[in-house]
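Trainee: I'd like to learn how to read a model like this one, feature by feature. Could you walk me through it?

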Amino acid sequence: MALTRRHLLATGAAAAAGLSVAGCGRSGAGGGPSPTDLNFCQAVQVTSLAPMGKQPQGYPSGYEAAFAVYSGLVRLAPDMSFQPDLARRWSVAADGRTWTFQLRTGVRFHDGTAFGADDVVGYFTKMLDPDYNLSAYSLWSPIASVRRVDARTVRITTKQPYSALLNTLAHGSGLIPSRALVAAGEAKAALHAVGTGPYTLSSFTPGSRLVLERNRAYFGALPRHETLTFTYVGDASGRLAALEAGQAQLIDALPVEQAKSVTLNASKRLSSGSGLQTFGIGINQANPLLTDVRVRRALNLAVDVPAIVKVVLRGRARTLTSPLAERTNGYAKVGAVAHDKARALELLRQAGCTTDSAGRLHHHGRRVVLRLRTPDGMYVNDVLVAQAVQAELAEIGIAVTIQKVDKSTFWAGIQVAKKAGDFDLALFGFNPSHGSGALQLDIMYRSNASADKVAGWNFCWYRNDRVDRLLTEALTTVDAARQRAVMRQAQQLIWHDYPYIWLYAPDNLIAYDSTLAHPVVLPVGFALPSRTS
């Protein structure tokens, strides 16, 4: 007997609820640290501190550590606005291409050398080389040059107006190391971080433990904690146990099933702000049936997204109203998820599908069977979400086979040539760590130039020439009002083309000891104890 949607969701919730925190390990031996120390237990290993090359290794952990040691010209605030960092102020000329940054005075690197315009020019110029900037070159490629005006002024000129320049500079790849560290190379920088940030390096065991000490010469307000320790604890129950035992004051990646236990503890707090990562089921238009927008819309109408959010994610997500999450720069509300099985079936009939006496869907005489690929353990309850979608589509007669793929090979398996794709649907989440909606739409929805290669993350083989033109305009328009209008148009077109089954944006679940820690949590998904308030 086939499982109904409610049965599957209930079963999935029961399985998830069965997770136990019993028997979890501790982050360290002995009692907890003093109030001047903070231990941050992370779900992902910090394996490198180098901001250049492939950037800090381990996401988001490496970036969280790097933001404690290094500074950039600007930084993102919790409301996704831009704040001064090493730059005191900035301006853009009427041509939209020439940006001038006035730098702070009296700033020194951790090795005692003075910070100035030459440091910015030297490092940023290297970041314009694709052979040097291996992971974030697409963010930097619109920049034509970086020039020194004087010891405290830098001028950045872009090839054409570039609306996401500040997002690029606030990204982890925009953190500025000392000239000596740049000269030493990425291998040394991986272990010997030298920046201008609020903390200096004390000790580092890659993949295990990083200890930082307060930088008393920091140019900004001194951080609250004398020492900051990043400890890798891969098991979620182990992280929660460390928090409860007082051996950790901050933990990340809290499972949705454990969030309630934190709220019941008087001294522990849960940070559950909405994140920027958007989730959906990518619809691979290499399958001829899925090139019909009526079919793609029917798939959307068949899935009860609020039920999945409520049961599988315990309400810890927001249903999408745009291809972008609500707090992403450039977001506009352009739609809402809807569940209408009757309308879905009508659209499928209009697209030439028929239903047999057993309720099974056929197209041109063949049973409709779709292959749904999902990583196993990469995203929050990813397999359970895939199973819920499978059950929903079964109710309109579509058979779905689930392909569970190890998270280490998932991305490579979907970024393949058009003819090589062996999936029809794929659960996918994208997090814009730079915060730019224009960059996110561009990397996910710009048409692929060749059938032999996926450009960015358009593994769905979505194509809309008008969207391509709007994305170009959005990235080359620095006038805020005009860019908002263009971004809205692009989001409206993408939403109603249904390249995805639109799902949700999960909350960022961070737990901390409120008597010792008050971390800044950015919507991009970074918990920054180095910026405690």
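Mentor: We'll go through confidence, cores, a helix, backbone angles, and then the empty spaces.

Trainee: Fine. How far can I trust the coordinates, and what is the mean pLDDT of the protein chain?

Mentor: Keep in mind that this is a predicted model. Where pLDDT is low, the predicted coordinates should not be read in detail. Here the protein chain has a mean pLDDT of 92, with 93% of its residues at 70 or more. The stretch to treat with care is residues 1-33, where pLDDT stays under 50. The model does have 48 contacts beyond four places in sequence for that stretch.

Trainee: Got it. Next, the inside: how many residues does the largest nonpolar core have?

Mentor: In soluble globular proteins, nonpolar side chains tend to be buried together. In this model the largest nonpolar core has 151 residues. Leu73, Phe124, Ile156, Leu393, Phe428 and Leu503 are the ones with the most contacts inside that core. Apart from it there is another core, of 14 residues, with Cys41, Ala248, Leu254 and Val262 among them.

Trainee: Let me zoom in on one of those. Which residues is Ile156 in contact with, leaving aside its neighbours within four places in sequence?

Mentor: The partners include Phe124, Trp99, Phe101, Ile143, Val146, Leu165 and Leu169. Arg97, Thr98 and Ser145 are also in contact with Ile156.

Trainee: Now a helix. Why is α10 described as largely enclosed by the rest of the structure?

Mentor: An α-helix has 3.6 residues a turn, so residues three or four places apart point the same way. Helix α10 spans residues 293-302, and seven of its ten residues are buried, so the rest of the structure largely encloses it. The buried ones are Val295, Arg296, Ala298, Leu299, Asn300, Leu301 and Ala302.

Trainee: What about backbone angles? Where is Asn381 found, and is it buried or exposed?

Mentor: Most residues other than glycine have a negative phi, and most peptide bonds are trans. Asn381 has a positive phi of about 50° although it is not a glycine. You'll find Asn381 in the loop between β18 (369-376) and α13 (382-394). Its relative accessible area is 17%, so Asn381 counts as buried. Trp461 also has a positive phi, of about 60°, and is not a glycine. Trp461 sits in the loop between α15 and α16 (465-475), and is buried with a relative accessible area of 11%.

Trainee: On to empty space. How many cavities of 30 Å³ or more does a search of the whole structure find?

Mentor: Five. The largest cavity has a volume of about 90 Å³, and residues lining it include Phe67, Tyr70, Arg75, Asp85, Tyr218 and Arg531. That lining divides into seven nonpolar, two polar and three charged residues. The second largest cavity has about 60 Å³, and its lining has four nonpolar, four polar and two charged residues.

Trainee: And the open ones? Which helix supplies the largest share of the lining of the second largest pocket?

Mentor: That is α17, with five residues. The second largest pocket holds about 440 Å³ of space. Of its 20 lining residues, Phe82, Ser163, Asn329, Ala480 and Gln483 are the closest to its centre. At least two lining residues each come from α5 (165-170), α15 (437-445) and α17 (480-497). By class, the lining of the second largest pocket has ten nonpolar, eight polar and two charged residues.

Technical notes:
Residues numbered from 1 in each chain as written. Predicted model: local features only at pLDDT ≥ 70, side-chain atom pairs only at ≥ 80, totals over all residues. Heavy atoms only, no water. 1 Å grid on protein atoms, 1.4 Å probe; cavity = no way out; pocket = protein on both sides within 12 Å on 5 of 7 lines; lining within 4 Å. Points joined across faces, edges and corners; volume = space filled by probe spheres on them. Nonpolar A, V, L, I, M, F, W, Y, C, P; charged D, E, K, R; others polar. Buried < 20%, exposed > 50% of the residue type's maximum accessible area, 1.4 Å probe, protein only. Helix = DSSP H or I, 4+ residues; strand = E, 2+ residues; numbered from the N terminus. Core = buried A, V, L, I, M, F, W, Y, C linked by side-chain atoms within 4.5 Å. Contact = heavy atoms within 4.5 Å. pLDDT = per-residue confidence, 0-100.
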